[in-house]
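Here is a friendly walk through one protein model, from its charges and overall build to its nonpolar interior. Have the coordinates open as you read.

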Amino acid sequence: MSDIPATRPWLPRRVLITRSALAWEHGHAIAARAEALGIPVERLASDRLALGLPDEAAAAYAAAKKTLAVVVAPPGKLRLQPIAPSADWRVDLAEGCPAHCSYCYLAGSLKGPPITRAYANLPAIVAALPQYLGEGTVTSRSAARADEGTTYEASCYTDPLALEHLTGSLSALIAAFGAWQAPVQLRFTSKFDAVEPLLALDHQGRTRMRASINPARFARFEGGTSPVAARLAALARMGRAGYPIGLTIAPIIAAPGWEDAYGELLAQAGAALAGVATDCTIELITHRYTPGSKAVLDSWYPASKLDMGAENRVEKRTKFGSLKYVYDAETMGTMKRFFAAEVARHLPQARVLYWT
């Protein structure tokens, strides 16, 4: 797969940096990276983001997706939240993503225009992590996953690899985990392939990269991302650099022909990772949506052919009482059996962490 061309990195049209962000060296470094790439950087006189977005909804969305704001993570971001079933805790380096995925769950989670916000106070974020050591219920106190130690997920509200050429935040966090002499693991998943800055880091095996993948025939639902083959090639490079690796197969879409599509995808993944002698995991996440996220996604991607209708769907309440729509029990059962058999066939060295 070495002949797969690298994906062009995301280059925002503009970068806004708040006054408080400029008080942090990391904020200055992000601004310098952007300017070195020829991106205009506006240093704001306050902490209020002057977005200046068009009034028309489609134009406002497009402009927001081309904007990077460098801000200070609020105090709430330093109080980590559990993130089952992925990891014990969620750690945010940024909020928002430059990709254009028409199933994006962030559409129902983040408020306001979908600009990407990178956090300048990275040292404060890193300093908050040790107090959670040994806590959590997903891996810290789980017999099945105790070998992972206390786990911290960095991909809940962003794709950190998509921003790495601008922020350097992911490299800094990987290095911090590498130097942390404790049973811990940093985790991130990505739809991008620019792993070169990470390969030579002293990670000490305490960071697991997962490639988020879907069949090529569903590529129209993942605009602005690296091709699946490039993601798998990048994951193999990370594995050869000694990183634990994994696959996040998500969202699994039960569209007509899904069996052939996902069978081909798993065969492709098995071929790409053949001979990569490292710890490999798989996470299987079926497509789901909320009424709120559906409304937002319909406004962002009115021409999308992604099925978010009622057929084969049931309502499900979360532990917080919110409503989401998931596949019905028959569809879920069929898909779960299929993936159990096909993973064992194509990726026998991998272990499935969870199905949801």
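Let us start with the charges: the protein has 38 positive and 32 negative ones, and their mean positions lie 3 Å apart. Bear in mind that this is a predicted model.

Next comes the overall build. The fold contains 17 strands and ten helices. For 356 residues, a compact globule would be expected to have a radius of gyration near 21 Å, and the protein's 20 Å agrees with that. A few global values are gathered here:

| Property of the protein | Value |
|---|---|
| Span of the C-alpha trace along the principal axes | about 55 × 50 × 45 Å |
| Exposed area | about 15,500 Å² |
| Share of exposed area from carbon and sulfur atoms | 56% |
| Share of the 356 residues that are buried | 53% |

Contacts tell us about the chain's path as well. Of those with a separation of 6 or more, 78% join residues 24 or more positions apart.

Now for the interior. Which residues touch the most other members of the largest nonpolar core? They are Tyr152, Phe188, Ile213, Leu247, Ile249, Tyr262 and Phe339, within a core of 86 residues. Helix H8 (residues 258-273) gives this core its largest share, seven residues.

Tyr262 is worth a click. Beyond its neighbours within four places in sequence, Tyr262 contacts Asn214, Pro215 and Phe218, then Ile249, Pro251, Ile252 and Ile253, and also Phe338 and Phe339. There is also a second, separate core of 16 residues, with Ile17, Ala31, Ala34 and Ala120 among them.

Technical notes. Residues numbered from 1 in each chain as written. Predicted model: local features only at pLDDT ≥ 70, side-chain atom pairs only at ≥ 80, totals over all residues. Heavy atoms only, no water. Helix = DSSP H or I, 4+ residues; strand = E, 2+ residues; numbered from the N terminus. Rg over C-alpha atoms; globule rule 2.2 N^0.38 Å. Buried < 20%, exposed > 50% of the residue type's maximum accessible area, 1.4 Å probe, protein only. Contact = heavy atoms within 4.5 Å. Areas by Shrake-Rupley, 256 points an atom, 1.4 Å probe, with all protein chains shown as cover. Lys, Arg positive; Asp, Glu negative; His and termini not counted. Charge placed at Lys NZ, Arg CZ, Asp CG, Glu CD. Core = buried A, V, L, I, M, F, W, Y, C linked by side-chain atoms within 4.5 Å.
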